[in-house]
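Thank you for making the time this morning. Please have a look at the structure first, and then I will walk you through some of its parts, one after another.

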Amino acid sequence: MSRTLLICGHGPGISDAIARKFGAEGFRVGLVARNAERLEASARTLRDAGIEAKGFACDLADVAAIAPMVAKVREALGPITVLQWNAYTGGAGDLTTCDLAELRMVLDVGVLGPIAAVQAALPDLRTQADAAVLVTGGGFSTYSEQVDKMIVQWNTMGLAISKAAQHKLVGLLHQKLAGDNIYVGEVVVMGMVKGTAFDFGNATLEPATVADGFWRIYQGRSELSIDVG
């Protein structure tokens with residue numbers, strides 16, 4: 001049976017490695033990000049590697065645009081088997097001074113966005129024997145004095161709040177959708193990943209290593225969360 005992977009928040013690092021990993025296993029791949037030209041270039045590269053792929057331009061900060069985007073993916077590539085949420089945004093770095101509208105946008109991308117995508121994809125996911133929702137988590141969601149100190153120093157407080165809420169969201173959906181045989185899990189990235197926005201020349205974690213973690217939890221379908229890095 002043909003399967004479709006929808007990646008929300010595609011870029012040259014983790015999400016592209018996920019596309020290649022799942023694509024090599026026979027998945028058709030839908031790529032979602034804002035820039036249509038970059039998406040088409042990425043999809044073309046995947047097609048050159050023998051993976052059926054198509055780009056769908058969408059601003060994932062616009063929660064109302066997500067359901068129509070999911071419908072377009074369904075029409076073009078068939079029912080969605082795996083929804084992978086990789087999107088995030090910075091902003092609201094200092095919670096004591098930030099514009100609350102900026103913080104709201106960070107939460108729209110990290111929390112409301114995946115909820116909207118799950119709601120839109122749920123009719124498909126309920127019909128797929130190996131359906132899943134997979135989320136790229138971050139070490140910023142971890143509570144410790146050392147981590148919180150680093151977050152404040154790096155001026156990434158809004159992102160940390162978003163990732164913490166997203167971590168709870170994964171746990172809730174894991175429980176809620178288990179009865180529909182829909183697996184929900186996350187890979188928490190605990191290091192700097194090469195080729196991503198946080199790579200300042202000292203990143204050591206390969207995107208393919210993160211993608212392998214996603215494939216492992218997808219195959220096992222039991223672990224709620226694993227750390228990589």
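Let me start with a pair of helices, α1 and α7, which are oblique to each other, because angles under 35 degrees count as roughly parallel, over 145 as roughly antiparallel, 65 to 115 as roughly perpendicular and the rest as oblique. The axes of helix α1 and of helix α7, residues 207-220, cross at roughly 50° and come within 8 Å; axes here are lines fitted to C-alpha atoms, for helices over the stretch in contact, and angles run from 0 to 180 degrees between N-to-C directions. The crossing of α1 past α7 is right-handed, where right-handed says that the near helix is turned clockwise from the far one by less than a right angle, and left-handed that it is turned anticlockwise.

Before going on, I should say that this is a predicted model, in which local features need pLDDT of at least 70 and side-chain atom pairs count only at pLDDT 80 or more, while totals for chains, interfaces and linings use all residues. Residues are numbered from 1 along each chain as its sequence is written, and side-chain values use heavy atoms, with hydrogens and water left out.

A second helix pair is α4, residues 100-125, and α6, residues 157-176, which pack at an angle of about 20° with their axes 8 Å apart, and are therefore roughly parallel to each other. Here too the crossing, of α4 past α6, is right-handed. The helices and strands I name are DSSP runs numbered from the N terminus, helices being H or I with at least four residues and strands E with at least two.

Now to the sheet: in what order do the seven strands of the open sheet stand? The order is β3-β2-β1-β4-β5-β6-β7, and the pairing is parallel, two strands being paired if DSSP finds at least two bridges between them. At the edges stand β3 and β7, each with a single partner strand, so one side of each has no neighbour in the sheet. From one strand to the next, the twist averages 20°.

Within that sheet, I would like to follow strand β2, residues 27-33. Strand β1, residues 3-8, pairs with β2 in the parallel sense over six bridges, and threonine 4 stands opposite arginine 28 in β2. With helix α1, residues 14-24, between them in the list, β1 and β2 make a right-handed β-α-β unit; a crossover is right-handed if, with the strands pointing away from the viewer, the path from the first strand over the helix to the second runs clockwise. From β2 the chain crosses through helix α2, residues 36-48, to β3, and this β-α-β crossover is right-handed. Strands β2 and β3, the latter being residues 53-57, pair in the parallel sense over five bridges, with glycine 30 opposite lysine 54 and alanine 33 partnered by alanine 57.

How many of the seven residues of β2 are buried? Seven of the seven are, buried being under 20% relative accessible area, exposed over 50% and partly exposed in between, with a 1.4 Å probe and protein chains only. Phe27, Val29, Leu31 and Ala33 lie on one side, and Arg28, Gly30 and Val32 on the other.

Last, the cysteines: a search of the whole structure finds zero disulfides, a disulfide being a pair of cysteine sulfur atoms within 2.5 Å. The closest cysteine sulfur to that of cysteine 58 belongs to cysteine 8, and at 7.8 Å it is too far for a bond.
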